[in-house]
2 protein chains.
Amino acid sequence: MSERMSAHTRTVLNVLSERRCHLTAEEILARADGIGTATVYRALDHLTESGRIRRLSLGKKSAVYEYIRDAHMHFVCSRCGAVYDIQADLSGMIREAAKCSGHQVDWSEITAHGLCGACMLSMETEGTLCGNPAGHGDA
Amino acid sequence: MSERMSAHTRTVLNVLSERRCHLTAEEILARADGIGTATVYRALDHLTESGRIRRLSLGKKSAVYEYIRDAHMHFVCSRCGAVYDIQADLSGMIREAAKCSGHQVDWSEITAHGLCGACMLSMETEGTLCGNPAGHGDA
DNA sequence: TGACAAATGAGAATGAATATCATATAATAA
DNA sequence: TTATTATATGATATTCATTCTCATTTGTCA
């Protein structure tokens, strides 16, 4: 639990812990100035394995990483692609359900898909027509 | 909602609907004999868009697809990689939580990670030592 | 039967993630 | 300090799932 951490790994961790959002490896790479690609991926692996960050597949092509804070679920807008955090903790119920099947839950993730508030609004306003298909929420 | 479907798309749908499990595009490709790669991927896209099947990212490198039946969550064993279906429907609660944030949920997915029953057993038996690191559950 | 749209497949292209490997850096021993 | 060893790093090559291209085929309907 208290392994030592290289400076670069710490930098990567800081990039994530300093902001409350989900970043792709590429985005992290850009923000962790001067650190090579392989090193960033390795750091992300170490941090994921040591339980400090979490790797999520939100349906996008590339995985995103987030610093582990409070329990929350993710909402991905099918129209604009924005990702929102939704405060809700159903982990207890998930743990129970899995326990009934004989499995021990370490952690769980919930991803909801649908139309985000911003898109609903712009669809009303603009009459379902176009409008910029991306840009709300996320970070 | 009632678009027509090409023979190949129907074949892909059948491959999925005939078995109660999650298959990668590659596995589907192997079972949909004689259909080309691009066609299988296109069929999977169509079926996903029309809501007949679902594309899931269970943390593996490649996505898996499943025919939509009853609501259930997924349990992925961190040790052996097996995927189990867990009967539990928390979609109502998820929908409510998202609604509070102003979003409209279309569908949601839950993935729990941890140690599966089979692995717990073999770890006890074999004293936490090796043992075949894969092979339980899934399909 | 003609004409246009959609589907198909072989293969090229893309791109995220991983592997390789020689070098650099840190940790420990003597 | 100096030797010894393990680990970290980064440039680059590689892998591999997925998507794209485009010429050809098939389906649909007037």
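**Exercise 1. The surface near DNA strand D**

Which helices each supply at least two residues of the surface near DNA strand D? Characterise this surface in the predicted model.

*Solution.*

Step 1. H3 of chain A and H3 of chain B each supply at least two residues of this surface. The greatest share comes from H3(A), with three residues.

Step 2. DNA strand D has 13 residues around it, and those that come nearest are A:Ser6, A:Thr39, A:Arg42, B:Tyr41 and B:Ala63. By class, the residues of this surface comprise six nonpolar, six polar and one charged.

Step 3. Sugar or phosphate accounts for 71% of the atoms of DNA strand D within 4 Å of the protein, and bases for the rest.

Step 4. Individual phosphate contacts can then be listed. An N or O atom in the side chain of A:Ser6 is 2.9 Å from a phosphate oxygen of DNA strand D. Two further contacts use the backbone: an N or O atom of A:Gly36 lies 3.1 Å from a phosphate oxygen of the strand, and a polar backbone atom of B:Ala63 is 2.9 Å from a phosphate oxygen of the strand.

**Exercise 2. The surface near DNA strand C**

Determine which residues and helices surround DNA strand C, and identify contacts to its phosphate oxygens.

*Solution.*

Step 1. DNA strand C is surrounded by 13 residues, the closest being A:Tyr41, B:Ser6, B:His8, B:Thr39 and B:Arg42. The surface residues divide into six nonpolar, six polar and one charged.

Step 2. Helix H3 (37–49) of chain A and helix H3 (37–49) of chain B each contribute at least two residues. Here H3(B) gives the most, with three residues.

Step 3. Of the atoms of DNA strand C within 4 Å of the protein, 68% are in sugar or phosphate, and the rest are in bases.

Step 4. Two side chains approach phosphate oxygens of DNA strand C: an N or O atom of B:Thr39 at 2.6 Å, and a polar atom of B:Ser6 at 3.0 Å. From chain A, a polar backbone atom of A:Ala63 is 3.0 Å from a phosphate oxygen of the strand.

**Exercise 3. The relation between the chains**

By what turn and shift can chain A be laid on chain B?

*Solution.*

Step 1. A turn of 180° with a shift of 0.0 Å along the axis lays chain A on chain B, with an RMSD of 0.0 Å. The two copies are therefore related as by a two-fold rotation axis.

Step 2. The residue of chain A that comes closest to the rotation axis is A:Ile110, whose C-alpha is at 2.3 Å. Both copies use the same surface, as 100% of the contact residues of chain A recur in chain B.

**Exercise 4. The two sides of H4(A)**

Which residues of helix H4 (residues 91–100) of chain A are buried, and against which strands do they pack?

*Solution.*

Step 1. The buried residues are A:Ile94, A:Ala97 and A:Ala98. They lie on the same side of H4(A), because they cover an arc of only 95° around the axis.

Step 2. The other side of H4(A) carries the exposed residues A:Lys99 and A:Cys100.

Step 3. The packing partners of the buried residues come from both chains: strand E6 (104–115) of chain A, and strands E4 (72–77), E5 (83–87) and E6 (104–115) of chain B.

Step 4. Just after H4(A), A:Gly102 adopts a positive phi of about 90°.

How values were computed. Residues are numbered from 1 along each chain as its sequence is written. Chains are lettered from A and ligands numbered from 1 in the order in which they are written. This is a predicted model: local features need pLDDT of at least 70, side-chain atom pairs count only at pLDDT 80 or more; totals for chains, interfaces and linings use all residues. Side-chain values use heavy atoms; hydrogens and water are left out. A residue is near a molecule or strand if one of its heavy atoms lies within 4 Å of it. A polar contact is a pair of N or O atoms within 3.5 Å; within protein, one must be able to donate a hydrogen and the other to accept it, and residues adjacent in sequence count only if both atoms are side-chain atoms. Helices (H or I, at least four residues) and strands (E, at least two) are DSSP runs, numbered from the N terminus. Ala, Val, Leu, Ile, Met, Phe, Trp, Tyr, Cys and Pro count as nonpolar, Asp, Glu, Lys and Arg as charged, and the others, Gly among them, as polar. Buried means under 20% relative accessible area, exposed over 50%, partly exposed in between (1.4 Å probe, protein chains only). The arc is that of the directions from the helix axis to the C-beta atoms. Contact means heavy atoms within 4.5 Å. Copies are superposed by least squares on the C-alpha atoms of residues with pLDDT of at least 70 in both.
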